[in-house]
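Colleague: I am new to reading protein models, and I would like to learn how to go from helices and strands to the way they pack. Could we take the features one at a time?

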Amino acid sequence: MTDKELAKQIVNLVGGKDNVNSLIHCVTRLRFKLKDESKAQTDKIKNLEGVMTVVKSGGQYQVVIGDKVTEVYNQVMPILGLKVDDDTNESASDKNTDKKSIWNSLVELLSSLFMPVLGPLASAGILKGILVLCTITGLMTEKSGTYMILYAASDAVFYFLPIILGFSAAKAFKTDPYLSAIIGGALVYPQMVTAYTAGKSLTFMGIPVILMNYTQTLIPIVAAIYLLSIVQKYLKKIVPKQLKGIFVPLLSLVIVVPLSFLIVGPITSTLSTWLADAVLWVYGVAPTIAGFILAGIWQLAVLLGLHWAFIPIFLNNIATKGFDPINAMLYCTVFGQVGAALAMSIKAKDPKFKELSISATISGFLGITEPIIYGVTLPHKKSFLMASIGSAFGGAIAGFSSAKMFGGFASGGIFGIPMFIGNHGINASFIGFLISLVVAFAISLVLTLVLVPGVKPSKKEIKSENTTVTDSEIESPLTGTIMSLSSVNDEVFSTGIMGKGVAISPSLGEVYAPFDGQVVSVFPTKHAIGLKSKDGIELLIHLGLDTVNLKGKHFDTQIKAGDEIKAGQLLEKFDYQAIQKDGYDIIVPIIITNSKEFKNINILKHNQSLTHGDDLLEVSNNVKTDITNDTVLTNA
């Protein structure tokens, strides 16, 4: 399935573009805000090829894609009628009156604040760590031009963090992003930083200013932009329409910037320091126990969306203290998941699962754990538990070793390891940190190998020299009442000339894909569809008898020949009541046109009502290796 096809199906299954308020994406997930989540067909989305799972958290409907999320996002946005860079497009209906819990509101705010900048922060942090490693090993000196340029690239995002966060905070609080960036720039303006460093005293209209260094800070700018959002709303009400373009920004700067230096900045900076001191005090009481507990539950916290509450704590510790021990204790959890995934790949007997788990393991080493969690360990709950146990012991070692993250933000994986080397170089704390990664990986690997069963093939396969025998099931493509094929008033179908199968008297005018496969053909008059499953089953769905004479009237196809399909996908709509009024028999024969290729075809339901998606036929498949016939509509 192409990215464009996957995008179309996702939009259709979340309730269509009219049900989408906004969409953003992170490293692995499409994060929808839906008007009505009950309209989303979650089970069908989970079964789409290319989708790992669906998560509902923090007011977002998250479709987990994996490494190709950006490509799929780029295809979804045009379908929604949005520009690719328009990640804040929210209609008025998004401001509905549905009451959100305090926690969901907080998670939504934190994710909108920090998600856009986590990638740049992690990248810059990794570069910082690599530069530290280069200076320790003598590959560079801090006075070399190469080091200075690369250090500027790595440090800029942290030094000017108020400007960058000002921009994302504006989107979160729905105010002017460029004006917000200017306010962030004022907080880190060189002359103000120099005045603070020199210990100068300043006043604003006679009021003393408590000077502080706001470079690398995050809470002051967030509070300042929240203040801006309030001020701008008020100004837009009182400033005449003709003057708003100039005077709203002018008055906003005149009001918000001085208040940020006089009140907002000093208060929030003090609160930031208190928060960092409190966190480090709690950590200092029992770091080993703290590491064991936090690392043991961390991946579960990520699944529940609780991790967003920790991101500001990590960054605030770095900004106020220059280091953070909390992320150092949690870093091993990635390697715990990698160890469990590697064990699952070693034990897997299902070739598809083995391929998936190997790919996920590689992604995990690079710091992307969603493919592991949603594709490997979480579906096999014991392996997720083993990964958590291994992570707990790794976190305990990191806590015991007083491991710390320095000067940035590490999101996981091998490339972030240098960030845990301080200016003092490689010491016992860093060695303890490395041991924590190895321990988490090794314990998770061993426990999973010993205690978790391997994944077996989902289908029974018996291989011989020329054939492969597989048991396959065909779902009902329609809702209605099942009937025997012999009761169909057409000899071509009732006598089995076309092949074995069943008939359905429809009670709903919709046709759904009965398996994963491909559309072989759609008859020009839309009354018949030919499909082929991935197992080689060729199926004809014939909507009514002699309905070819309607020349497409009352039929609305959703697919075309060559399309890849997934089980449960809507293929066609037809007005069966109108067809009946026009004098045609609405019975729908469902025929396996290559029946001779199979040993057994069993009907799973007899003379009863059924819904599309119910099990309908079971095929014991004796597929010959030389099958090349793709034509199923001959004589239809």
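Modeller: Let us begin with one helix in this predicted model. The buried residues of H1 pack against strand S2 (29-34), helix H2 (42-46), strand S4 (60-64), helix H3 (69-80) and strand S18 (564-565).

Colleague: Which residues of helix H1 are buried?

Modeller: As a general idea, an α-helix has 3.6 residues a turn, so residues three or four places apart point the same way. In this case helix H1 covers residues 3-13, and its buried residues are Asp-3, Leu-6, Ala-7, Gln-9, Ile-10, Val-11 and Leu-13. After H1 comes Gly-15, which has a positive phi near 110°.

Colleague: Strand S4 was in your list of partners, so how many of its residues are buried?

Modeller: The general idea for strands is that in a regular strand the side chains alternate between the two faces of the sheet. In S4, five of its five residues are buried, and the strand is mostly covered. Gln-60, Gln-62 and Val-64 point one way from S4, while Tyr-61 and Val-63 point the other way, and all of them are buried.

Colleague: In which sense do S2 and S4 pair?

Modeller: In general, strands of a sheet pair through backbone hydrogen bonds, either parallel or antiparallel. S2 and S4 take the antiparallel sense, with four bridges between them, and Phe-32 is found opposite Tyr-61 of S4.

Colleague: How should I read a sheet with many strands, and what is the order of the eight strands in the open sheet?

Modeller: You read the strands in the order in which they lie side by side, which here is S18-S14-S15-S16-S20-S12-S11-S22, with antiparallel pairing. At the edges are S18 and strand S22 (609-610), each of which pairs on one side only. Within this order, strand S14 (residues 517-522) and strand S15 (residues 528-533) are joined in the antiparallel sense over five bridges, and Gln-518 faces Lys-532 in S15.

Colleague: There is also an open sheet of three strands, so which are its edge strands?

Modeller: This sheet has the order S13-S19-S17, again written with antiparallel pairing. Its edge strands are strand S13 (510-512) and strand S17 (555-557), each pairing on one side only. On average, and with direction ignored, neighbouring strands of this sheet are turned by 15° against each other. S17 runs antiparallel to strand S19 (residues 570-574), to which three bridges join it, and the bridge partner of Phe-555 is Phe-574 in S19.

Colleague: Now for helix against helix: at what angle do helix H6 and helix H9 pack?

Modeller: For a pair of helices, one can look at the angle, the distance between the axes and then the residues that meet. Helix H6 (residues 161-173) and helix H9 (residues 219-238) pack at about 40°, and their axes are 9 Å apart. The two helices are therefore oblique to each other, and H6 passes H9 in a right-handed crossing. From H6, the residues that meet H9 are Pro-162, Leu-165, Gly-166, Ala-169, Ala-170 and Phe-173, and from H9 they are Ile-221, Val-222, Ile-225, Tyr-226 and Ser-229. By class, this contact of H6 with H9 has nine nonpolar residues, two polar and no charged.

Colleague: How are H10 and H12 oriented to each other, and which classes of residue make up their contact?

Modeller: H10 and helix H12 (residues 311-321) pack at an angle of about 105°, with 9 Å between their axes, and they are therefore roughly perpendicular to each other. H10 contributes Ser-272, Thr-273, Leu-275, Ala-276, Asp-277, Val-279 and Leu-280, and H12 contributes Ile-313, Asn-316, Asn-317, Thr-320 and Lys-321. The contact of H10 with H12 holds five nonpolar, five polar and two charged residues.

Colleague: If I follow just Val-279, is this residue buried or exposed?

Modeller: The general step is to compare the relative accessible area with the cut-off, since buried means under 20%. Val-279, which lies in helix H10 (residues 244-285), has a relative accessible area of 17% and is therefore buried. Apart from neighbours within four places in sequence, Val-279 is in contact with Ile-313, Asn-317 and Ile-326. Val-279 and Ile-313 are 34 residues apart along the chain, and their C-alpha atoms are separated by 8.1 Å.

Colleague: And what does the protein chain look like as a whole?

Modeller: The protein chain has 20 helices and 23 strands, and of its 636 residues 50% count as buried.

Definitions and conventions. Residues are numbered from 1 along each chain as its sequence is written. This is a predicted model: local features need pLDDT of at least 70, side-chain atom pairs count only at pLDDT 80 or more; totals for chains, interfaces and linings use all residues. Side-chain values use heavy atoms; hydrogens and water are left out. Buried means under 20% relative accessible area, exposed over 50%, partly exposed in between (1.4 Å probe, protein chains only). Contact means heavy atoms within 4.5 Å. Axes are lines fitted to C-alpha atoms, for helices over the stretch in contact, and angles run from 0 to 180 degrees between N-to-C directions. Angles under 35 degrees count as roughly parallel, over 145 as roughly antiparallel, 65 to 115 as roughly perpendicular and the rest as oblique. A crossing is left-handed if the near helix is turned anticlockwise from the far one by less than a right angle, and right-handed if clockwise. Ala, Val, Leu, Ile, Met, Phe, Trp, Tyr, Cys and Pro count as nonpolar, Asp, Glu, Lys and Arg as charged, and the others, Gly among them, as polar. Two strands pair if DSSP finds at least two bridges between them.
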